[in-house]
Structure formats: C-alpha cells, structure tokens
Amino acid sequence: MISAADTFGVFQVESRAQQNVALPHIQPHCFEDLIITISLIRPGPVQGNMVKPYFRRRSGQEPVTYLHPLLKPALEETLGIILFQEQVVKIGRDVAGFTAGEAELIRRALGKKNAYEALEQMRALFVAGALGKGVSAEIANQIFDQLTAFGGYSFAKSHAAAFAVLVYQSAWLRKYHTREFCTALLNHQPMGFWSPAVLVGDARRHGIDVLPVHLKHSQAACVVEGDGIRLGFAYVKGWGAEAIARLLAVRDRVPLTDMTTLYRQTRLPKRLLENLVLVGACDHWGRQRRQLLWQLGKLRAVPAELPLPVAANVDLPDLSEALA
C-alpha cells in the first residue's frame, strides 16, 4: 500500500512530495526503507542535493561511490550519501579517528548558524586525524566539505526511526481497519496534509460509503455505520457543541418528523437549521430542501404551549446540487 503511494491520512508519507516523488522511487518494502523515505523528503535534503543522487543510485542509474573506503561503513546504508546526523559522528570516528565526543562536536556545529569559524578549526583537526589513518589531505578536505554541505541538512536517524514506527502503525490501521481509521481522521480535523473532502473522496475510492448528515442517525462526531461512515453534526457549518447537545437531547425524547417540530422543540437559530437542511439532514422527510427552507422562514418563535402558525404553501423547484 505504501509502495503504491496509497497513503492518504498516513502519518509522514501522505504529502504530495511523498506520493509523487519519494514513494514511487523508493518503493518501501522494509522498516529501513521507511526511515530513509521520511528523512529524504525534508527541506534540508532537498536543498543539500541529496534526493536525486540517492534515487539514481538506488535505481542503478548511478554507481555507489565513496571518496575513500573508510567512508563505506558509515554510508553504505544510504548508498554513499550523507543523510543522517549519526553518520557525521561515524565519519569523524572512522576517517579522522575522533572519539564519539569529538565527532559529536562536529555534528552540533553543523546545525548552528554562523558556525564557519568553529568548523574551520575542526577541519584542521579532522584533516590531521585523517592523515594519521592514511587518508590524503586532499581527500580529507573533500570529505569535510561533504560533511559541511550535507551534514548541516541531515536528519537524526533516531528521530526518523521513531517516526517510521508511527508510519507503519498508521498504515496498518488504514489497511486493516480502513473505516475506523478514516472516521478517526475526520473526527480530529484539522490535522495532516489533506482536507476532509479529500479524505472522504479517498474513502469512497476504497469502496467505503460515506453517508451524509442525517437528523435521525448522525451523532455529534462521525461514526462507523454498517459498512460505511456516517458524517456527524459537527460537520454542519456553524454547529458547535452546545447546539448539537441541544438537538440530541430533543431527539432522544421527541420524534422530529417535520420542520415545525424541529424548530419549536430545539429553539435553535434559523441559520443553523437552514444549514442542517442544506446538507440534506432532513431529506428523509420527503420534502424538497427549498420547500423546507421556505417553511422555516415563515415560522416564528412562540411559547411552546401555543400552536405555531402554518406556513403558506408555495410550489418551488428543488435546489440544484450546486446551490445545495
């Protein structure tokens, strides 16, 4: 599913860049692939010119090369390209003979602004250490140049691995509990990359029936209903917790079978009831939406014990789908 870029709503891998670029090229099939996918599609790797070289090497269009064989243990997992902050520490250890603490100082300096002076001091130490391990000064300087070019943009692998766990868990839920997963996404908006309309469209493409708001069946939030998802009252424009609670309380004790009863019993503002009609929540009454809006407009508030005036009968064409 991830390799096919079918990832709407999946943490970290649902963006356009992931769906159109990273996932089609990388075709993740293991946990390590997820870590690399997450790490590549970030401003830093793009600015550091890491993305396309990695794709070319992964697809075999470009050979995997190293400036020096001592780099292979640190960079083999990323095809010779510096991608993770931890690799900066490994390179300092393997190429220059730094202790982990000394190499960590390079990693920290790379992440700072205006760190040129500190890095140049470390360059001298790095080159000296590399000479002691049989690396020429020219190659040592080229390696350090790569560190400063790429290392400042690199992403912590530990952080990416933690994200990858959530990617896998999110994808598993989406694959095997698709309705529940989509329902949860709809109930926690705004979040993620895509709008609720896109998520609903994706659910329908996967054969899930997304049912409209319904005066009798909807709850405050979206819920799983049969093989589909029922949209909740919270998705009606202007409807907040107070209005929804009032409607649900009335619905529990009074059958809401017509506009007069709905208006009289809930005493909600007309603009909220108009929006309820426009989303089709009252379509099961068998009346055209425009007729219901006309009837609502003619009603006026009176004490509950008095009958409401009857609205004039006007024959109106139904609203088009665009107007509704």
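Is Arg58 buried, exposed or partly exposed? With a relative accessible area of 31%, Arg58 is partly exposed, because that value falls between the 20% limit for buried and the 50% limit for exposed. Keep in mind as we go that this is a predicted model.

Let's stay with Arg58 for a moment. Its side chain meets that of Asp33 in a salt bridge, with N and O 3.2 Å apart. Asp33 belongs to helix α2 and Arg58 to helix α4 (residues 51-58), so this pair ties together parts that are 25 residues apart in sequence. Unlike its partner, Asp33 is buried, with a relative accessible area of 10%. In general, side chains of opposite charge can pair when their charged atoms come close.

Helix α2 takes part in another such link. Glu32 forms a salt bridge with Lys157, and their closest N and O atoms are 3.4 Å apart. Here the two ends are distant along the chain: Lys157 sits in helix α10 (residues 157-176), Glu32 in helix α2 (residues 31-40), and 125 residues separate them. Altogether, the structure holds 16 salt bridges.

A salt bridge can also stay within one helix, as Asp202 and Arg205 show. Their closest N and O atoms are 3.7 Å apart. The two residues are 3 places apart in helix α12 (residues 196-205), which means that about one helical turn separates them. Asp202 is buried at 7% relative accessible area, whereas Arg205 is exposed at 57%. Through shared partners, salt bridges join Asp6, Arg174, Asp202 and Arg205 into one network.

Now let's look inside. In soluble globular proteins, nonpolar side chains tend to be buried together. The largest nonpolar core here has 51 residues, and Leu40, Tyr54, Ile91, Val95, Ile106 and Phe126 touch the most other members. Helix α9 (residues 137-150) gives the most to this core, with 6 residues. Beyond its close sequence neighbours, Ile106 is in contact with Val88, Phe98, Met122, Phe126 and Phe144. A second, separate core of 40 residues includes Cys182, Leu186, Val213 and Ala243.

Finally, find the open sheet of 3 strands, which has the order β1-β3-β2 and mixed pairing. Its edge strands are β1 (209-211) and β2 (223-225). Strand β3 (residues 228-230) pairs with β2 in the antiparallel sense over 3 bridges, and Glu225 stands opposite Gly228 in β3. Helix α11 (residues 178-186) lies across β2 and β3, at about 25 degrees to β3. In strand β1 you will find Leu211, which counts as buried at 17% relative accessibility.

Terms used: Residues are numbered from 1 along each chain as its sequence is written. This is a predicted model: local features need pLDDT of at least 70, side-chain atom pairs count only at pLDDT 80 or more; totals for chains, interfaces and linings use all residues. Side-chain values use heavy atoms; hydrogens and water are left out. A nonpolar core is a set of buried Ala, Val, Leu, Ile, Met, Phe, Trp, Tyr and Cys residues joined through side-chain atoms within 4.5 Å. Buried means under 20% relative accessible area, exposed over 50%, partly exposed in between (1.4 Å probe, protein chains only). Helices (H or I, at least four residues) and strands (E, at least two) are DSSP runs, numbered from the N terminus. Contact means heavy atoms within 4.5 Å. Two strands pair if DSSP finds at least two bridges between them. Axes are lines fitted to C-alpha atoms, for helices over the stretch in contact, and angles run from 0 to 180 degrees between N-to-C directions. A salt bridge is a side-chain nitrogen of Lys or Arg within 4 Å of a carboxyl oxygen of Asp or Glu. Lists of a residue's contacts leave out its neighbours within four places in sequence.
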